[in-house]
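Me: I'd like to go through the charged pairs in a model with you. Could you show me the structure before we start?

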Amino acid sequence: MAEFRTWVEIDLDKLKNNIACLQERLPQNSEFMAVVKANGYGHDAVAVSRICIEMGIKNFAVATLEEGIQLREAGISGRILILGYTVPQKAKTLIQYDLTQTIVDEKYAEILFAEVSERIKVHIAIDTGMSRIGFPEEPEKIENLLSKYESKYQIEGLFTHLCIADSFDKAARDFTYKQIAKFKSLIPIAECHGAKYNHFLNSAGGLFYSDDASKFVRYGIVMYGLKPDISLKLPEPISPILSWKAVIEMVKTIHKGDTVGYGCSFMATRDTIVATVAVGYADGYPRLLSNKGCVLLHGKRVPVIGRVCMDQLMIDITEIGDCVTPGETVTLVGSDGKETILIDELASSIGTIGYECVCNIARRVPRVFLQNGVAVHTIE
Ligand SMILES: *Cc1c(COP(=O)(O)O)cnc(C)c1O
């Protein structure tokens, strides 16, 4: 019997395989930076980080101050870079927890500096084309900035973000090469000012634009075995590490003309065996999969019928028959027998990306870890 109504399983042995494969492909002079923001893309940041440490990884990236603190409080050592915005009033907390902050622009640099007397560790974001954060990539300006700030901050490096490295038409490739060239022209300037850790590769960059001028490869999505873009092929041994299960709470037969769920959006056209499953959109199962999604039961795909509710959903199990009993487990994401539901495909079917679907798996869904084939609840 299942221990929870719904839960996620994270296969840490597969995570190790993914990391090992990516480590082998690292450019010669680059280090692995594990991106564990958003609770490790929903996979549990602390557990994933502990495995990273076991695998020799010394650099981590998160999105927020609180995510950085969570890792430190769990005893994660090494560099923790906050890729996003921290409110300047929390500057002291950055120092207290030895976190490295991204400087998003000049105004932010001034405000943050004014908050503390100690030198905060920073990486300076450079905008090479994404127009999200960063200083414009003009060499003279960067030279001036580095001179101005090197006495105020401990500047570890510059970084930029590739925004179309997961696409291969000519325009996309030209764009990416241009971003890389712009960034690389700044590296000698940064190095002159003692900023040694300059980096520009994310998952797609690391896979398709490998370059040892990038001192870190910031591996996120691919470490979890998912694709930056559905059309891509990942290196052979890399595989998804997350599966998601839920329990059937009741089974009943409805008749032709009966309807299912809110809005009566599904109407039975025959006698239909319906199972109610204990998972819903408050758990992160997308409501857009109403009358559209599938789950796996007894190694077969069965359809979600009616609208996905907050905490429950209904499936049509007529094809499987009345042998199904409450307490049985369905697979929302993952494999059952020969059938597999990939998060990337599920995401694509509702017009989004795997990133969003894993991030949206709610905190209330327990994470169970598989290590050496055994299920455990915490990773020491
Ligand atoms: C999220 C993020 C990454 C990781 O991206 P993936 O596509 O998951 O590898 C790397 N760098 C920055 C700046 C990010 O925000």
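Reply: Happy to; here are some questions and answers on its salt bridges. This is a predicted model, in which local features need pLDDT of at least 70 and side-chain atom pairs count only at pLDDT 80 or more, while totals for chains, interfaces and linings use all residues. Residues are numbered from 1 along each chain as its sequence is written, and side-chain values use heavy atoms, with hydrogens and water left out.

Me: Why is the contact between Arg 5 and Asp 283 called a salt bridge?

Reply: A salt bridge is a side-chain nitrogen of Lys or Arg within 4 Å of a carboxyl oxygen of Asp or Glu. Arg 5 and Asp 283 meet at 2.8 Å, N to O, so the pair fits that rule. By this rule the count is 17 salt bridges.

Me: What makes Asp 283 buried?

Reply: Buried means under 20% relative accessible area, exposed over 50%, and partly exposed in between (1.4 Å probe, protein chains only). Asp 283 has 0%, so it is buried. Its partner Arg 5, at 34%, counts as partly exposed.

Me: How do you know that Asp 174 and Lys 170 form a salt bridge?

Reply: Their side chains meet at 2.7 Å, N to O. Both residues lie in helix α8 (residues 170–184), four residues apart, about one turn of the helix.

Me: Why is Lys 170 called exposed?

Reply: Lys 170 has a relative accessible area of 56%, so it counts as exposed. Asp 174, at 37%, is partly exposed.

Key
Helix = DSSP H or I, 4+ residues; strand = E, 2+ residues; numbered from the N terminus.
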